[in-house]
Amino acid sequence: MEKSSDGPGTPAGLDESVAAELVALRDSIDNIDAAVVHMLAERFKCTQRVGRLKADHDLPAADPARETRQIERLRQLAENAKLDPAFAEKLLNFIIAEVIRHHETIAGERLGREGARPE
Ligand SMILES: O=C(O)C(=O)C[C@]1(C(=O)O)C=C[C@@H](O)C=C1
């Protein structure tokens, strides 16, 4: 049987059909990862606008009631999609924590500019 000895990232000595399947699966993973990055970039564009809106109107960075609804909704979506709901919740919390950090930075920058402004 033919053995694959090269190919980027495929172990030497791997059966060719196995190597081909691995490459095909990794192609799909790369496409999915690219989609995730683009989706996240779009989400952060939205949340940066939310952050500016909140800073302009003196609203708190975090909205725990909204987060509770998002987590409930995402857990349900995950369950329907056969994805571990606990993982979905952890991922959303991770993203939201970063968003809140951005909101706080924006609010801090606004405050800094106001403080520097002559009365
Ligand atoms: O919807 C908001 O108020 C946001 O600031 C966005 C967002 C989110 O990333 O989804 C982030 C922080 C809030 O606690 C809730 C939700």
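Biologist: In which element of the protein is confidence lowest, and in which is it highest?
Modeller: This is a predicted model, in which local features need pLDDT of at least 70, side-chain atom pairs count only at pLDDT 80 or more, and totals for chains, interfaces and linings use all residues. Residues are numbered from 1 along each chain as its sequence is written. pLDDT is the predictor's confidence in each residue, from 0 to 100, and helices (H or I, at least four residues) and strands (E, at least two) are DSSP runs numbered from the N terminus. The mean is lowest, at 45, in strand β1 (residues 3-4), and highest, at 98, in α2.

Biologist: Over which residues is the pLDDT below 50?
Modeller: Where pLDDT is low, the predicted coordinates should not be read in detail. The protein averages 92, and 90% of the residues score at least 70. The stretch below 50 is residues 1-6.

Biologist: Which element gives the most to the shell around the ligand?
Modeller: A residue is near a molecule if its C-beta atom, placed from the backbone, lies within 6 Å of it. The residues surrounding the ligand include Thr 47, Arg 66, Gln 70 and His 103. Elements giving two or more residues are α1 (16-56), α2 (64-80) and α3 (85-116). With four residues, the one that gives the most is α3.

Biologist: Where does UniProt place the domain feature?
Modeller: UniProt positions are given in the numbering used here, feature names are shortened, and annotations may be inferred rather than shown by experiment. The span 16-107 is 88% helix and 0% strand. The unreviewed entry places "domain: Chorismate mutase" at residues 16-107.

Conventions
Contact = placed C-beta atoms within 7 Å.
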